[in-house]
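These entries record what I looked up in one structure, taken in the order in which I looked. I begin with charged pairs and then turn to the chain as a whole, the aromatic rings and the cysteines.

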Amino acid sequence: MKSFVIVLMMETAALAAGAPKSSVTFNKDVLPILQKNCQVCHRPGEVGPMAFLTYDGTRPWAKAMKEAVLTRKMPPWFADPQYGHYSNDRRLSDPDIKTLVAWVDAGAPEGDAKDKPAPVQWNDGWNIKPDVVFEVAKPYTVPASGTVDYTYFVIPTGFTKDTWVIDGEVRPGNRSVVHHATMYLRPPGSQWMKDAKPGEGYVPPPAQRGGRQFEAAANAGPKEDLRNEWFMGYVPGLFPQSYFDPTHKAAKLIPAGSDIVIEMHYTPSGKAAQDQSKVGLVLAKGLPEKRLVNLNVLDASFEIPANDPNYAGHASATFTQPVTLIYSQPHMHMRGKDMIMKLEYPTGESETLVSVPHYNYLWQNLYFENKPLEIPTGTKVDISCHWDNSINNPLNPDPTKSIRWGPQSFDEMLVGFVGVIVDRDVKPESLITRPKAAAKADVAVNGAN
């Protein structure tokens with residue numbers, strides 16, 4: 001950690017020293033950088049706490065912006081650059097950082113209005129253009145305080161035929177109380193959430209919560225059950241990112257007659273509030289070439305000792321047939337410290353999918369491969385991670401407790417998601433096998449977020 005800080009300080013000093021001395025202005029030089037890299041979050045209704053659309057809105061934050069880009073705190077990106085190449089890499093280039101620093105050092109001048117680029121035309125209220133929108137039937141009241149159990153809303157799709165989706169977004173109704181929101185599919189005949197009434201918030205018994213694929217994995221099933229499929233989600237600090245194939249050649253399937261189940265994790269904000277979240281979907285215009293499936297590699301058997309600053313975890317799963325891998329995503333909770341997701345090929349060779357040496361629970365990034373990876377049968381996804389359950393972890397709510405798997409942020413998880421493209425008729429539950437889970441039978445495994 002000390003060497004990392006020293007390198008960062010040296011890099012920061014070099015960037016600051018190398019800032020161009022020529023006159024830079026907001027309209028000519030800074031605004032194009034903000035449009036490309038920052039406005040996706042920093043605009044009304046999105047996760048950024050301030051808007052960077054105009055000079056007047058940006059100027060008060062100039063000094064803070066300089067510090068954020070020099071330390072690479074912003075834009076948020078946590079993958080180790082020596083491993084992997086990602087199409088959605090959000091890091092600013094060194095020239096862009098130098099330009100922003102020079103602008104601040106020059107007093108943050110506005111410049112000539114004629115130099116301004118045309119404003120970006122953002123979609124009002126969405127980051128997609130949905131063909132269909134499903135909304136929780138009525139506002140749900142979140143109390144001012146306390147712990148709110150995961151609450152589920154069942155929404156019938158009304159789809160009378162198999163429907164393919166090429167893009168989608170879960171849109172929180174009230175970000176101040178929505179910690180995360182996850183969309184699952186419930187196909188016809190499923191007994192999952194059978195007691196939930198459509199349109200009403202439902203808190204099920206513990207054994208029925210979350211996606212059944214997580215429960216199957218935790219209870220020693222060699223193959224996971226994806227009949228109730230994790231579809232997409234909104235997670236902490238999420239800037240708009242899509243759990244879909246960027247080329248739209250592969251799509252996710254919603255079987256005819258399926259219901260949408262939205263899992264809501266509410267966190268009281270100190271005053272009673274209402275939320276009415278919604279889901280937007282972009283539908284394929286015809287039959288897609290391939291199917292996209294989101295798989296998880298997890299372990300639920302861990303128990304992190306109290307006061308342990310570097311407790312190790314491990315999980316793995318093996319592909320039973322060839323797949324094309326397009327993204328990966330590490331997932332832990334507040335005590336998450338680092339995670340490495342690797343591929344171990346049948347030849348004995350290995351490759352790092354993503355390494356996050358300083359995991360930040362507040363920013364759960366998705367990492368899209370620059371070039372999709374063709375994965376042969378027998379390839380293993382191997383995950384190693386560490387948790388910091390010590391007093392030195394500023395996010396740790398209680399270092400004196402030993403911690404096991406659980407749904408709440410103060411519990412923990414060890415999950416690596418991978419998005420894979422397969423033939424349209426492939427059964428998702430047949431795609432991977434995993435070691436028999438070491439989790440005890442009484443572990444109730446929820447959906448991960």
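**Entry 1. Salt bridges**

I searched the predicted model for salt bridges and found ten.

I looked up Asp423 and Lys290 and noted that their side chains meet in a salt bridge, with 2.6 Å from N to O. This pair links distant parts of the chain, the two residues being 133 residues apart. I placed Asp423 in the loop between strand E20 (415-422) and strand E21 (432-433), and Lys290 in strand E11 (residues 290-298). Are these two residues buried, exposed or partly exposed? Asp423 has a relative accessible area of 40% and is partly exposed. Lys290, at 33% relative accessibility, also counts as partly exposed.

I then turned to Arg91 and Asp89, whose side chains form a salt bridge at 2.7 Å, N to O. Because its relative accessible area is 40%, I recorded Arg91 as partly exposed. Asp89 is partly exposed at 28%.

Lys114 and Asp115 form a further salt bridge, and I read 3.7 Å between their closest N and O atoms. With a cut-off of 4 Å for a salt bridge, I kept this pair in my notes. Lys114 is exposed, at 67% relative accessibility. Its partner Asp115 is partly exposed, with a relative accessible area of 28%.

**Entry 2. The chain as a whole**

I noted six helices and 21 strands in the protein chain. What share of the 449 residues is buried? I recorded 52%.

I next looked at contacts with a separation of 6 or more in the protein chain, and found that residues 24 or more positions apart account for 82% of them. For the accessible surface of the protein chain I recorded about 19,800 Å², with 54% of that area belonging to carbon and sulfur atoms.

I also inspected helix H4 (residues 62-70), where Ala62, Met65, Ala68, Val69 and Leu70 are buried. After H4 comes Arg72, and I noted that its phi is positive, near 60°.

**Entry 3. Aromatic pairs**

I counted 15 aromatic pairs in the structure. One of them joins Phe26 and Trp103, with 5.9 Å centre to centre and 45° between the planes, and I entered this pair as tilted. Phe26 belongs to helix H2 (residues 26-37) and Trp103 to helix H5 (residues 94-105), so the pair ties together parts that are 77 residues apart in sequence. Both Phe26 and Trp103 are buried.

I then examined Tyr311 and Trp387. Why is this pair stacked? The ring centres of Tyr311 and Trp387 are 6.2 Å apart and the planes stand at 25°, so I recorded the pair as stacked; the angle falls under the limit of 30 degrees for stacking. Tyr311 lies in strand E13 (residues 311-319) and Trp387 in strand E18 (residues 380-387), so this pair ties together parts that are 76 residues apart in sequence.

I checked the accessibility of these two residues as well. Tyr311 counts as partly exposed, at 25% relative accessibility. Trp387 is buried, with a relative accessible area of 0%. I also noted that Tyr311 and Trp387 belong to one aromatic cluster together with Phe302 and Trp405.

**Entry 4. A charge over aromatic rings**

Over the rings of which residues does Lys252 lie? I found the charged end of Lys252 over the ring of Phe231, at 5.3 Å from its centre. Lys252 also lies over the face of Phe244, and there I recorded 5.0 Å from the ring centre.

**Entry 5. Cysteines**

I searched the whole structure for disulfides and found zero. I took Cys38 as a case to follow up: it is in no disulfide, and the nearest cysteine sulfur, that of Cys41, is 8.6 Å away. A disulfide would need the two sulfur atoms within 2.5 Å. Are Cys38 and Cys385 buried or exposed? Cys38 is buried, with a relative accessible area of 13%. Cys385 is buried too, and I recorded a relative accessible area of 1% for this residue.

Methods. Residues are numbered from 1 along each chain as its sequence is written. This is a predicted model: local features need pLDDT of at least 70, side-chain atom pairs count only at pLDDT 80 or more; totals for chains, interfaces and linings use all residues. Side-chain values use heavy atoms; hydrogens and water are left out. Rings of Phe, Tyr and Trp (its six-membered ring) pair if their centres lie within 6.5 Å; planes under 30 degrees apart count as stacked, over 60 as edge-to-face and the rest as tilted. Helices (H or I, at least four residues) and strands (E, at least two) are DSSP runs, numbered from the N terminus. Buried means under 20% relative accessible area, exposed over 50%, partly exposed in between (1.4 Å probe, protein chains only). A charge sits over a ring if NZ of Lys or CZ of Arg is within 6 Å of the ring centre and within 35 degrees of the ring normal. Contact means heavy atoms within 4.5 Å. Accessible areas come from the Shrake-Rupley method with a 1.4 Å probe; for residues, only the protein chains shown count as cover.
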